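This briefing describes a predicted model, taking the strand pairing first and then the helices and the charged side chains. Please keep the sequence and the structure in view while reading.

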Amino acid sequence: MSAAVEIFAGQGLHHLPLEFPLAAGGGLPSGLLAYELEGNPHGPVVVIQGGISSGRHVASSSLDPTPGWWEAMVGPERAIDTRHVRVLATDWLGGTGASSGPANWGRDEVFPLISSHDQARAIARLLDHLGIERLERFIGASYGGMVALAFAEQFPERLLGAVAISA
């Protein structure tokens, strides 16, 4: 099964390694991680991840004016001010967005189990791809908070601080 994916300016699809290893064993073959990067192109990077129902579109911008899932917190003159920072968010592996998940799996076997540590490693691969060595912050709510904690555990040298909300 294949599905069309609409990608706007500031968004992309990152190809993970051919066989991305998973914490539960096995791997995710030919995985894709969908992302959006918005804000000051010269500012420090803040990763924002919400719960399992959130996605890569955190807030409206000049590139995509549709409201995002954290509109009240992210944008010019808001708590996370995109005039000063770049905001990076992804769709979850195994979720319903444009990242690899059950809806676009197209295989006979069941979609593999993805852990918060797997999500954190996928985000680290995306950061490598984008040439981002270190994050100003990793902010996560709910499942995103668990991924923020997993990222801090696995990649402490790449992170100035983490915020885990209701994780």
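Within strand E7, Phe138 is the bridge partner of Val47, and in E6 the bridge partner of Val47 is Leu88. Val47 belongs to strand E5, residues 45–49, and the points below start from that strand before turning to the sheet, the helices packed on it and the salt bridges.

**Strand E5 and its neighbours**

- Five of the five residues of E5 are buried, so this strand is largely enclosed by the rest of the structure.
- In a regular strand the side chains alternate between the two faces of the sheet. In E5, Val45, Val47 and Gln49 point one way while Val46 and Ile48 point the other way, and all of these residues are buried.
- E5 is joined to strand E6, residues 86–90, by three bridges, and the two strands run parallel; Val46 of E5 stands opposite Val87 in E6.
- E5 also runs parallel to strand E7, residues 137–141, to which four bridges join it.

**The sheet as a whole**

- Six strands make up an open sheet with mixed pairing, and their order is E1-E4-E6-E5-E7-E8.
- The edges of this sheet are strand E1 (11–15) and strand E8 (162–165), each of which pairs on one side only.
- From one strand to the next, the twist averages 20°.

**Helices packed on the sheet**

- Helix H1 packs on the sheet and touches E1, strand E4 (32–39), E5, E6 and E7, with its direction making about 60° with that of E4.
- Helix H2, residues 143–154, likewise packs on the sheet, where it touches E5, E7 and E8, and its direction makes about 145° with that of E7.
- Ser116 lies in helix H1, which spans residues 116–130, and Ser116 touches Tyr143, Met146, Val147 and Ala150, leaving aside residues up to four places away in sequence.
- Is Ser116 buried or exposed? Its relative accessible area is 14%, and Ser116 is therefore buried, since the cut-off for buried is under 20%.

**Salt bridges**

- Side chains of opposite charge can pair when their charged atoms come close. The structure holds seven salt bridges, and those described here are among them.
- In helix H1, the side chains of Arg121 and Asp118 meet in a salt bridge at 2.7 Å, N to O; the two residues are three residues apart, about one turn of the helix.
- Asp118 has 0% relative accessibility and so counts as buried.
- Glu77, Asp81 and Arg83 are joined into one network by salt bridges that share partners. For the salt bridge between Glu77 and Arg83, the closest N and O atoms are 3.8 Å apart.
- Within that network, Glu77 counts as exposed because its relative accessibility is 67%, whereas Arg83, with a relative accessible area of 43%, is partly exposed.
- A further salt bridge links Glu71 with Arg78, the closest N and O atoms lying 3.7 Å apart. Arg78 is partly exposed, with a relative accessible area of 31%, because that value falls between the cut-offs of 20% for buried and 50% for exposed.

Conventions. Residues numbered from 1 in each chain as written. Predicted model: local features only at pLDDT ≥ 70, side-chain atom pairs only at ≥ 80, totals over all residues. Heavy atoms only, no water. Buried < 20%, exposed > 50% of the residue type's maximum accessible area, 1.4 Å probe, protein only. Contact = heavy atoms within 4.5 Å. Pairing = 2+ DSSP bridges. Axes fitted to C-alpha atoms, helices over the stretch in contact; angles between N-to-C directions. Salt bridge = Lys/Arg side-chain N within 4 Å of Asp/Glu carboxyl O.
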